Amino acid sequence: MSGVPNPPSGKGRPRGSGGFGWRAFFHHSATPVFVLGKGKRLRYANPAWERLAGVTLKEALGMVCSQRRHSTPLAAALAPTPEALAGRHDRARRPAPPGRNGPPWWDVTFAPLAPGAEPPGDAADAKRGKETFGIVGFVTVVGEPVPAAAKKVPAAVSALRDRRAAHFGFDLLAGETPAAGRLVSQARLAASVAAPVWIVGEPGSGKETTARVIHHASANRDRAFVGIDCAGLQPYLVESLLFGHGGLAGADRVGTLYLKEPAALPRDLQQRLADHFTDTPAARLICGSERTAGDGVMSGGALVPMFQTALSAFEVRVPPLRERLGDLPRLAARLLGRPLDPAALAVLREHSWPVNLRELAGTLHEAARSAESGPVLREHLPHELRVKVGIARTHPPKSLNLDEILAAVEKKLIQLALKKANNHQTETAELLGVFRAKLWRRLDALGIPIPPQPPKPRKPEGGD
């Protein structure tokens, strides 16, 4: 066994042990025990450790225990501290594998193994004699895993969660048009199943809002909703967010993971996502895109086929605003929270809304600022919108008089130079790079009052 003194007769007794059977002692111990050899490799673990870790010694033998980025949660939990590597006893609290956060935690006590009984000889042997042959670790479990349903949530947090969930109810999608009715029916069905959902719709139509409604009506409502814009972030950032240390893909606190335009990710990362969410995902996956998954696979192969076959089993279509203009009164009332004049509503009906609900929300918020605290009238709508629907004229462009513009710029520049020179005309002329006589002429031509000159400093009496 590398890293632990070799037994002389194969009975598991190191030199100088006086016949003590350390293997048998650790083997029957109820405390989980493991031994690390040189290179921080696992060389021994007792049955109590195997039961706690959920793996056998045969499977884990030789595992390098470190906290590097690509280490497994088990290897990171057993990694010795710098103090232990330096030959000192130490203790560290680590998240219990496979989680990255507690509870429960592992309190790991590290005890360095001393060198052999033979005294060192030369200087090199003396240096080696100060090094440890390995490290013995003892694991104590601290805290018990608490089911999500049994966790106590403060009343204020619970009330905030309830208000948030109530905001994203099905009435947020409801309306009088057939398109709105189909959307609500599809969202209800998606919330009742656990299958991955693919939401398709035009820009600004409300795909992420629909995903939030589905989340808050599903069995994962008590956990978090996390959205990632795959087209707006660098691929390495998306990969780090999902699969890095404490990544969202394996977090038990995330109930729904919403990916916006997953076809923008590299194909290898798409495949990794598909493999992860096909096996045993901790969170539910909902994707939003302007195109269906089938179109994403067929048009240039931007999307891996597995997304279509496994992760788009349930498809929800969000209709554009032009298909539900009959719902404008309801949508405007919800976005504004105040009355909207019928004449203003008539103007909204005449617009095609190419950016859908996002454009409608921006238009109404701008009109609300113009109306201040009163009702929103037609005159409060943006001028560009009223021009498009033909109820306002475009303002004729103002004529550009070059002489007037140059004179205004020159006047401003001379006033700035006068201020900087404290109204001293000679210094002002020097700053502007002109003669003083020309400065006087420009002051008179531009109508700038000639400021009084500062008094000249008096020479002291008796001076030269």
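**Exercise 1.** Is phenylalanine 110 buried or exposed?

*Solution.* Keep in mind that this is a predicted model. Start with the relative accessible area of phenylalanine 110, which is 0%. Buried means under 20%, so phenylalanine 110 is buried. Now try phenylalanine 34: its relative accessible area is 0%, and this residue is buried too.

**Exercise 2.** Work out how many aromatic pairs the structure holds, and describe the one formed by phenylalanine 34 and phenylalanine 110.

*Solution.* The count first: there are five aromatic pairs. Next, the geometry: the rings of phenylalanine 34 and phenylalanine 110 lie 6.5 Å apart, centre to centre, with 85 degrees between their planes. An angle over 60 degrees counts as edge-to-face, and that is how this pair is classed. Finally, place the partners: phenylalanine 34 belongs to strand β1 (residues 33-36) and phenylalanine 110 to strand β4 (residues 105-113), so their pair ties together parts 76 residues apart in sequence.

**Exercise 3.** Repeat the analysis for tryptophan 198 and phenylalanine 307.

*Solution.* With 6.4 Å between centres and 75 degrees between planes, this aromatic pair is edge-to-face. Tryptophan 198 sits in strand β6 (residues 197-200), while phenylalanine 307 is in helix α13 (residues 305-310); the pair therefore links parts 109 residues apart in sequence. Both tryptophan 198 and phenylalanine 307 are buried.

**Exercise 4.** Which residues form one aromatic cluster with Phe26, and which ring lies under arginine 188?

*Solution.* For the cluster, Phe26 is joined by Tyr44 and Phe138. For the arginine, look at phenylalanine 170: arginine 188 lies over its face, 4.2 Å from the ring centre. As a bonus, find arginine 272, whose charged end sits over the ring of phenylalanine 243 at 4.1 Å from the centre.

Notes:
Residues are numbered from 1 along each chain as its sequence is written. This is a predicted model: local features need pLDDT of at least 70, side-chain atom pairs count only at pLDDT 80 or more; totals for chains, interfaces and linings use all residues. Side-chain values use heavy atoms; hydrogens and water are left out. Rings of Phe, Tyr and Trp (its six-membered ring) pair if their centres lie within 6.5 Å; planes under 30 degrees apart count as stacked, over 60 as edge-to-face and the rest as tilted. Helices (H or I, at least four residues) and strands (E, at least two) are DSSP runs, numbered from the N terminus. Buried means under 20% relative accessible area, exposed over 50%, partly exposed in between (1.4 Å probe, protein chains only). A charge sits over a ring if NZ of Lys or CZ of Arg is within 6 Å of the ring centre and within 35 degrees of the ring normal.
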